[in-house]
Amino acid sequence: MLVVMQAHAAPDQVRAVCQKIESLGYRAHPMPGAERTAIGITGNKDALEPGTLDEMPGVQEVIQVTKPYKLVSRDIKQENTVIRFPGTDAVIGGPGLAIMAGPCAIESREQAFAVAERVQRAGAQFFRGGAYKPRTSPYSFQGLGEEGLRIMAEVRDRFGMRIVTEAIDNESLELVEEYADVIQIGARNMQNFSLLKRAGRSQRPVLLKRGMSATLEEFLMAAEYVMSEGNYNVILCERGVRTFADHTRNTLDLSIIPAVQRLSHLPILVDPSHGTGKRNKVTPLSRAAVAVGADGLIIEVHHQPDQALSDGVQSLYPEQFDELMAQVRQIAPVVGRTVSPIGIHTPAAAIPALPSGTHPVAPG
Ligand code: PEP
Ligand code: MN
């Protein structure tokens, strides 16, 4: 159920409705919009009797939401969600494309710095890299763990990029949220509901990758898990699904971008690296992703891909990433998007430290 407040409803009236919802044993999710606030009601009890809230001051209408997902839906919030990182030029979901780049895994300080220097110069506002790697084989490199997170934090201090890294379970999430700016939930964990709920209680934005066989509805329901716990800063990411095709590692489903944008206010990025698994296909599909209207890209780049400890064959050489960015810069304006200027970022020293326990971003 959804309560739509009147355009001029006072903050006190919104608060009173939320308190009433909570007193009845449900959870209230106020979502301020440009014109009015809507309040989502969740909870695993029977549906609330609509008459209970209809007559409260400031309430315009109470709507029964028929879709299985509520908080991710445009029914509750028409405007796109924009996630900002105060003190930096990094934004996800605005007119500017969010560009995330870096190695699959953090392998050493030297490797991370070598790649970071290049992707920052090319215009990435976010540095990606795994410290905890969900590998198909238990004998493959599993990541440096907390040491990898420390290296990423150094990269942020040195280059001013925001840090995106994966949490593979509740234990690693505790550490990831201490160090990172964005918590990645990988494709293999898209339906790990306890992890999604834990991420929903974090203060950090969550980058949620599509499971390799997830339908659009399952994908949105996974985001709903995070939001239902109170974390409204969710970024979706298409990274390819498993099909019979064997010329690529996965089949990148770009049609999900407009499909998501029609139903949800959440930003959606494209990962053509995992989506194709082949270096020579990453640039063409990045161009396509921007053209189709994605809110940004997440790309694997390695300075020595032939020596990478994971996903070397799909990692771009830094020069290839430069070229990709040059092409993206040309395509972006055609679809009304902008791209951050090359290598210009807020110097690290100007980035205010986050007081612990506060929310790093204002929900858009
Ligand atoms: C990754 O980003 O390195 C990764 C493991 O991605 P995915 O979960 O999409 O396979
Ligand atoms: Mn990878």
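1. A quick definition to start: a salt bridge is a side-chain nitrogen of Lys or Arg within 4 Å of a carboxyl oxygen of Asp or Glu. With that in hand, look for Arg118, Glu319 and Asp322, which are linked in a network of salt bridges. By this rule the count comes to 19 salt bridges.

2. Before going on, some housekeeping. This is a predicted model, where local features need pLDDT of at least 70 and side-chain atom pairs count only at pLDDT 80 or more, while totals for chains, interfaces and linings use all residues. Residues are numbered from 1 along each chain as its sequence is written, chains are lettered from A and ligands numbered from 1 in the order in which they are written, and side-chain values use heavy atoms, with hydrogens and water left out.

3. Now the metal. Which residues are the protein donors of the manganese ion (ligand 2)? They are Cys104 (SG), His274 (NE2), Glu300 (OE) and Asp311 (OD), lying 2.0 to 2.4 Å from the ion. Donors here are N, O and S atoms within 2.8 Å of the metal (3.2 Å for Na, K and Ca), and water is not among the atoms, so sites may look incomplete. Along the sequence, the donor residues follow the spacing C-x169-H-x25-E-x10-D. Cys104 and His274 link distant parts of the chain, 170 residues apart: Cys104 sits in the loop between β7 (98–102) and α3 (109–122), and His274 in helix α9 (residues 272–276). Helices (H or I, at least four residues) and strands (E, at least two) are DSSP runs, numbered from the N terminus.

4. Buried or exposed: what are Cys104 and His274? Cys104 is buried, and so is His274. The cut-offs are under 20% relative accessible area for buried and over 50% for exposed, with partly exposed in between (1.4 Å probe, protein chains only).

5. Helix α4 is a good place to practise spotting charge pairs. Arg150 forms a salt bridge with Glu146, the closest N and O atoms being 3.7 Å apart, and another with Glu147, at 3.4 Å. Why are Glu146 and Arg150 separated by about one helical turn? Because they are four residues apart in helix α4 (residues 146–159). Glu147 and Arg150 are three residues apart in helix α4, also about one turn. Glu146 is partly exposed at 29% relative accessible area, and Arg150 is partly exposed at 40%.

6. Compare that with Asp181, which forms a salt bridge with Arg162, the closest N and O atoms being 3.5 Å apart. Asp181 lies in the loop between α5 (170–179) and β10 (182–185) and Arg162 in strand β9 (residues 162–166), so the pair ties together parts that are 19 residues apart in sequence. Asp181 is buried, and so is Arg162.

7. Two other residues to click on. Ser286, in helix α10 (residues 279–292), is buried with a relative accessible area of 0%. Leaving out residues up to four places away in sequence, Ser286 touches Pro272, Leu297, Ile299 and Leu324; contact means heavy atoms within 4.5 Å. Val313, in the loop between β14 (296–300) and α11 (318–331), counts as exposed at 62% relative accessibility. With that same sequence cut-off, Val313 touches Gly277, Lys278 and Arg279.

8. Last, the domains. The assignment (automatic or from a database) gives domain 1 (2–63) and domain 2 (83–335). Four residues of domain 1 are in contact with five residues of domain 2, and across their interface the rule finds zero salt bridges.
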